[in-house]
Amino acid sequence: LAKLNHHHHSAYVVDFGSSGFAPIYSKISENLAAGYAVVYVAEDDTETAIHNMKNFGIDADHFLSIEALQIIDRDSYYNPNKELEPQELLDQFSRRILSRVDFKKFKGMLAIGSPGPDFLQKGRLEPFLEYEHKIGKEFDVPVEVVCCYRSEDIMQFKFSHLVSVIASHAYVITPEGAEHKRFNSDAIISFVVAGMERSLGANATRIVLKTLEMVCGMSKEKIILQPRTLEEALEKMLGITSSRIVLTGIESEIRNALLSETT
Amino acid sequence: MNNNIITDNQIYDFVDSAAANTGRHMVLFYEEPEYAYEIEFRFLRRGLQKEQFCIFMVHEDDEAKIVEKKMKGNGIDVERFRSKNLLHIIEINNPMSHPEGELKGAEEIMTSGIPPVLRNRPAHIVSRLILQVKTEKERIANVNIEQRFHSMFHNLNISLMCPYPVEDIRSELESENDGGARWMKSLLCNHHAVIYALKSSKGIALNLDATTS
């Protein structure tokens, strides 16, 4: 039942390189079988997507005919040739996804999607994360929104992006899809502490955090809500080279939690 | 097992960098006096190498002799730099004992306490004007002096290192809330940098001037 935990916004870390779209199809199949509608936005060729779903064992024709399954062309939704406006994408989310499902006919909805490879480059990452934040973490209606992140993107994200991904979602689904992890504020701070201790040791880490708190007002809440301010403060306090070493340690801690099955 | 790749030499690198120019007001919190001397002497040595004036202020005559001995033990050629008029160990009075208050007392130390030839010249100074900061009165007086110095630092052609035993801030360092750390916060906000010289690890030095809001 945890896997069909609707009313939430989740991030799904998918290793597309090794498993392709199979983990997503698995989640789609599971939801359709349980009586939920699915809106899917992750491939640029809907015909191929249908074909692949059938090969996976999903009775795509049936679910499409009863409007339980709806497939939206990825690049028409996440336009790779256009500047990303968070509010515009949010409006599109309401217009093209939420409004497409008849909640009287289905138990609820799974909206699952992912922009194409390289989409989260060229200045689109920050606006995309802002859009993710604006969607919200919890919903009153039985809708599960699952945003799929490529594991190779997670490997590239810096500290502030990783924290934004965690903080914008109620759950993180790890690559195998078997576990929904809920990372609260304390978990994020524990990654920060453990990551800093890698290069500073426990005593210096405690002192640096205390100094950040006193001099910059860097509370735990501020680290989570404005992670970029921690990056900037560390850079100013320690210099570019040392701060990068510290941040690399923190990023490794977070990536390990996002990419592995066990915390 | 942590590999403290940053902290291993970070303080010495930081001191070398800070000593390259004047205009730095640094607070040094130390757990062990011997480690503090090492850091202070390195700071002074970098100044001496550049033929800049270096002043170590002490509060008692006995302390002057101890510092001189430790400087020699640390490899500083005290006689040579003294003969060149570059190195000075100066005994000062507690500015709080001045009848017109600690700020006037501090001002007199920096004017009449320092030989005329050294004034307004680039200098590296290690000094703590108020030795004991146990009582609220002593802490307030100390912060007043640090604030005054810090506010006029852009007009001074010196770099100043202010050493404090970490015991002076221990309770505040370990307090859970920011509100209980006003004394330590005042010190941090009135220096350009902080050096934490820890016994259990090498410690860490941090720039503060670019981060103070």
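Start by selecting helix α1 of chain B: seven of its ten residues are buried, so the helix is largely enclosed by the rest of the structure. Keep in mind as you go that this is a predicted model. The predictor gives the complex an ipTM of 0.86 and a pTM of 0.88. Chain B has a mean pLDDT of 88, with 92% of its residues at 70 or more.

**Stop 1: the enclosed helix of chain B**

Colour the buried positions of α1(B), which are B:Gln10, B:Ile11, B:Tyr12, B:Phe14, B:Val15, B:Ala18 and B:Ala19. Now zoom in on B:Gln10, in helix α1 (residues 10–19) of chain B. Its relative accessible area is 9%, and B:Gln10 counts as buried because that value is under 20%. What is B:Gln10 in contact with, leaving aside its neighbours within four places in sequence? Show A:Leu238 from the other chain, then B:Gly203, B:Ile204 and B:Ala205 from chain B.

**Stop 2: two crossing helices**

Next, select residues 33–49 of chain B for helix α2 and residues 61–73 of chain B for helix α3. In general, a pair of packed helices is described by the angle between the axes and the distance between them. Here the helices pack at an angle of about 70 degrees, and their axes are 11 Å apart. That angle makes α2(B) roughly perpendicular to α3(B). To see the contact itself, show the side chains of B:Glu34, B:Tyr37, B:Phe41 and B:Leu44 on α2(B), and of B:Ile66, B:Val67, B:Lys70 and B:Met71 on α3(B). How many of these contact residues are nonpolar, polar or charged? Six are nonpolar, none is polar and two are charged.

Staying in chain B, move to B:Glu51, in the loop between α2 and β2 (53–58). Check the backbone here: phi of B:Glu51 is near 60 degrees, a positive value in a residue other than glycine. As background, most residues other than glycine have a negative phi.

**Stop 3: three places to use the distance tool in chain B**

Pick B:Asn85, in the loop between α4 (78–83) and β3 (87–91) of chain B. With a relative accessible area of 31%, B:Asn85 is partly exposed. Draw a line from its C-alpha to that of B:Gln52: the two residues are 33 apart along the chain, and the atoms are separated by 9.7 Å.

Go on to B:Lys134, which sits in the loop between β4 (123–126) and α6 (136–151) of chain B. Is B:Lys134 buried or exposed? B:Lys134 counts as exposed, at 58% relative accessibility. B:Glu167 is 33 residues from B:Lys134 in sequence, and the C-alpha to C-alpha distance is 9.9 Å.

The last pick in this chain is B:Pro165, in strand β5 (residues 158–165) of chain B. B:Pro165 is partly exposed, with a relative accessible area of 23%. Its contacts, leaving aside neighbours within four places in sequence, are B:Tyr30 and B:Arg128. For a distance, try B:Ile195: the pair is 30 residues apart in sequence and 11 Å apart in space, C-alpha to C-alpha.

**Stop 4: over to chain A**

Select A:His169, in the loop between α9 (159–168) and β6 (171–173) of chain A. Although A:His169 lies in a loop, it is buried, with a relative accessible area of 1%. Look for its side chain reaching the backbone oxygen of A:Val165, at 2.6 Å. Then show the residues A:His169 touches, not counting those up to four places away in sequence: A:His9, A:Ser10, A:Ala11, A:Glu132, A:Lys137, A:Cys147 and A:Tyr149.

From there, find A:Ile188 in helix α10 (residues 185–216) of chain A. A:Ile188 counts as buried, at 3% relative accessibility. Beyond its neighbours within four places in sequence, A:Ile188 is in contact with A:Val163, A:Ile166 and A:Ile224. A:Glu251 is 63 residues from A:Ile188 along the chain, and their C-alpha atoms are separated by 11 Å.

Finish at A:Asp118, in the loop between β4 (109–113) and α7 (125–135) of chain A. A:Asp118 is exposed, with a relative accessible area of 53%. What is the phi of A:Asp118? A:Asp118 has a positive phi of about 70 degrees although it is not a glycine.

Methods: Residues are numbered from 1 along each chain as its sequence is written. Chains are lettered from A and ligands numbered from 1 in the order in which they are written. This is a predicted model: local features need pLDDT of at least 70, side-chain atom pairs count only at pLDDT 80 or more; totals for chains, interfaces and linings use all residues. Side-chain values use heavy atoms; hydrogens and water are left out. pLDDT is the predictor's confidence in each residue, from 0 to 100. Axes are lines fitted to C-alpha atoms, for helices over the stretch in contact, and angles run from 0 to 180 degrees between N-to-C directions. Helices (H or I, at least four residues) and strands (E, at least two) are DSSP runs, numbered from the N terminus. Angles under 35 degrees count as roughly parallel, over 145 as roughly antiparallel, 65 to 115 as roughly perpendicular and the rest as oblique. Contact means heavy atoms within 4.5 Å. Ala, Val, Leu, Ile, Met, Phe, Trp, Tyr, Cys and Pro count as nonpolar, Asp, Glu, Lys and Arg as charged, and the others, Gly among them, as polar. Buried means under 20% relative accessible area, exposed over 50%, partly exposed in between (1.4 Å probe, protein chains only). A polar contact is a pair of N or O atoms within 3.5 Å; within protein, one must be able to donate a hydrogen and the other to accept it, and residues adjacent in sequence count only if both atoms are side-chain atoms.
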